[in-house]
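Work through the following exercises with the coordinates open, and compare each step of your own analysis with the solution given below the task.

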Amino acid sequence: MIPSIHRQGSSTFGLLRYLYGKGTHEEHVDPHLVASFDHLAPDPGRDPSATKQDLADLLDQPLHLLDTDQRPEQHVWHCSVRAAPDDPVLTDDQWADIARRIVAATGIDPGDGAGCRWAAVRHADDHIHIIATLVREDGRRPDHHRSGQRAQAEARLIEADYDLCRVTPGDGTAAKRTTSAERHKAQRLGRDRAAREELRETVRRAVAGAASTHEFLDRLKDAGLLVRTRALPSGDLKGYTVALPGDRNGNQEPIFYAGSTLAPDLSLPRIQERFATDSASPVASGSERPVVSSAPAVARRTTAGAAWMALLVLDHGGDEGAAAAQIAATGEVLDALAKTSALHTRDELRQAAWEFERASRSHTRAEFRHAQDLRRAARDLVYSGPAFGRGEDGATTAMVIDMVFFLAVAAAHWHAQRQHAQQAEAARRAAAHLRAAYQQAAAEPLTVLRERGRRIAPSLRRHHATTVHAALPDFAEAILAEPGWEALAATLADATQAGHNPQALLTQAAARRELDTADAVSDVLVWRLRRMVDLPAYAPAPANIQASHLTDHQAVPPRLAAPSASRGQRRR
């Protein structure tokens, strides 16, 4: 049950004309009254002798108790109440009860016998509209302060009483919803999304890793947006507005949106909080674009390391502001990944970034000085350019998605502990999209590693299986039964060849964070080990090596092979 308080208006008749009309796309079906302040209001929808003007005059009668100069100009209160898609179709009597509860909870008609006059109109199965005049019967103004929050609280009770879908309660930090008019306009213009949503995504991508206001504004212009700025008398920037070139009003003028109307954390002051003075930050002077030499694979490997450190901050608790900053910076990383990843993972990453946007913002103030490593990683992703879907680029994309997935899960847990219901749910939805993106990105590199694992001599595979049992006794049987075990065996062989102790590496990788939430423990260990010891993420076997050529002594590193000769023979 979702109540929405709309902007106050000045024409009761004008709103009634819309409610009883056909709708913008003739979507209004059988408009009729389901409830009113006195149960006797005329219904222009069902009573042929009643008109919309009759109902408007009845609702506006309290205005005449006031002198003309005392009447509020914006006297029309409007609230829509919509059921969730999975809710059953409610009857008129049920909607009437819901309307009475909403006007009582919001202070419109508190039940004292002198409340405002109101009427509830239904013109669809799933919602009603409540219209009221903001002058009480005694001539006083109603106490409807914070009516939106009061309506939301009552909606939670209504959901419980009628056994409807439970909507997660909000905390006032969500981005403004797209209006029906904006959605219909997007449909008319053939756009997938409304202008507000498209602008929100574009502005977020411009924020990702930006290190200065000039760089942020330049990115907006590079993305093709129309940008206006406002300055204080001192010359400092006060704010900005953006518009899509093709989004125009009736006078063919661009429709500009302030950043704060796209989302609370996209106002210019909130964006500037992300910019930290840091000598290590690769920021050029002025608005010049910094030179970043990292290839996409290097940038992704760096991002995986930064995400790992952010994960430790969330897991270990402590500074709330630092944790909130890491979560917000995770949103920047997702925006950068969605912008630069290959086509086969881009849609899922874009959806993950879109969902995580809600998780990146709460009432906990983010201290961004603690999240500059993750923000620099997002910056490297942006400036390293698009990644290929194959080879080292594709494999390191799987590596970083695997790490960011765990970061999204940790963010959901962090929010849930603090009763941030909407943020926790958004992080969980983002994690689901990241899981799908990972499966797409990891398919080829893991297939290559598994093929290499199959070519390893049986004695070496048995040796690595023993190592897994020794390092991870609680997970060993599950790991050895997973399809990814062969890829892990190849990774252990590579680590051993590079001079590392595989048992110590496995113990270290598992000790840093629990593995219970992993879909495939072997996959997680593959990426952790290859990142920890800087092994290539994409590691195909040399073309001239066949499985039959890998004898036991060729496959087993010298320090692991059993002695088979005397000391004198070895000396010769």
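**Exercise 1.** Determine which side chains H127 joins by polar contacts, and establish whether H127 is buried or exposed.

*Solution.* Begin with the side chains: a polar contact, meaning a pair of N or O atoms within 3.5 Å of which, within protein, one must be able to donate a hydrogen and the other to accept it (residues adjacent in sequence count only if both atoms are side-chain atoms), joins H127 to R82 at 3.4 Å. A further polar contact, also listed at 3.4 Å, links the side chain of H127 with that of H129. The model is a predicted one, in which local features need pLDDT of at least 70 and side-chain atom pairs count only at pLDDT 80 or more, whereas totals for chains, interfaces and linings use all residues. Residues are numbered from 1 along each chain as its sequence is written, and side-chain values use heavy atoms, with hydrogens and water left out.

Next, take the wider surroundings: leaving aside residues up to four places away in sequence, H127 is in contact (heavy atoms within 4.5 Å) with V81, R82, W95 and R122. Finally, the relative accessibility of H127 is 8%, so this residue counts as buried, the classes being buried under 20% relative accessible area, exposed over 50% and partly exposed in between, with a 1.4 Å probe and protein chains only.

**Exercise 2.** Place H127 in its strand, and work out the order of the five-stranded sheet.

*Solution.* H127 belongs to strand β5, where helices (H or I, at least four residues) and strands (E, at least two) are DSSP runs numbered from the N terminus. The open sheet of five strands has the order β1-β3-β5-β4-β2 with antiparallel pairing, two strands being paired if DSSP finds at least two bridges between them. At the edges stand β1 (2-5) and β2 (32-36), each with a single partner strand, so one side of each has no neighbour in the sheet. From one strand to the next, the twist averages 25°.

Looking at one pair in detail, four bridges connect β1 to β3 (residues 76-82) in the antiparallel sense, and P3 has V81 as its bridge partner in β3. Helix α1 (residues 12-19) lies across β3, β4 (116-122) and β5 (127-136), and runs at about 170° to β5; for such angles, axes are lines fitted to C-alpha atoms, for helices over the stretch in contact, and the values run from 0 to 180 degrees between N-to-C directions.

**Exercise 3.** Describe the three-stranded sheet and the helix α6 that packs on it.

*Solution.* The strand order of this open sheet is β6-β7-β8, with antiparallel pairing. Its edge strands, β6 (226-231) and β8 (257-258), each pair on one side only. Two bridges join β7 (residues 237-243) to β8, and V242 has Y257 as its bridge partner in β8. Helix α6 packs on the sheet by touching β7 and β8, and its direction makes about 125° with that of β7.

Turning to the helix, α6 (residues 195-207) is largely enclosed by the rest of the structure, because 10 of its 13 residues are buried; among them are L199, V203 and V207. Just after α6, G209 takes a positive phi of about 75°.
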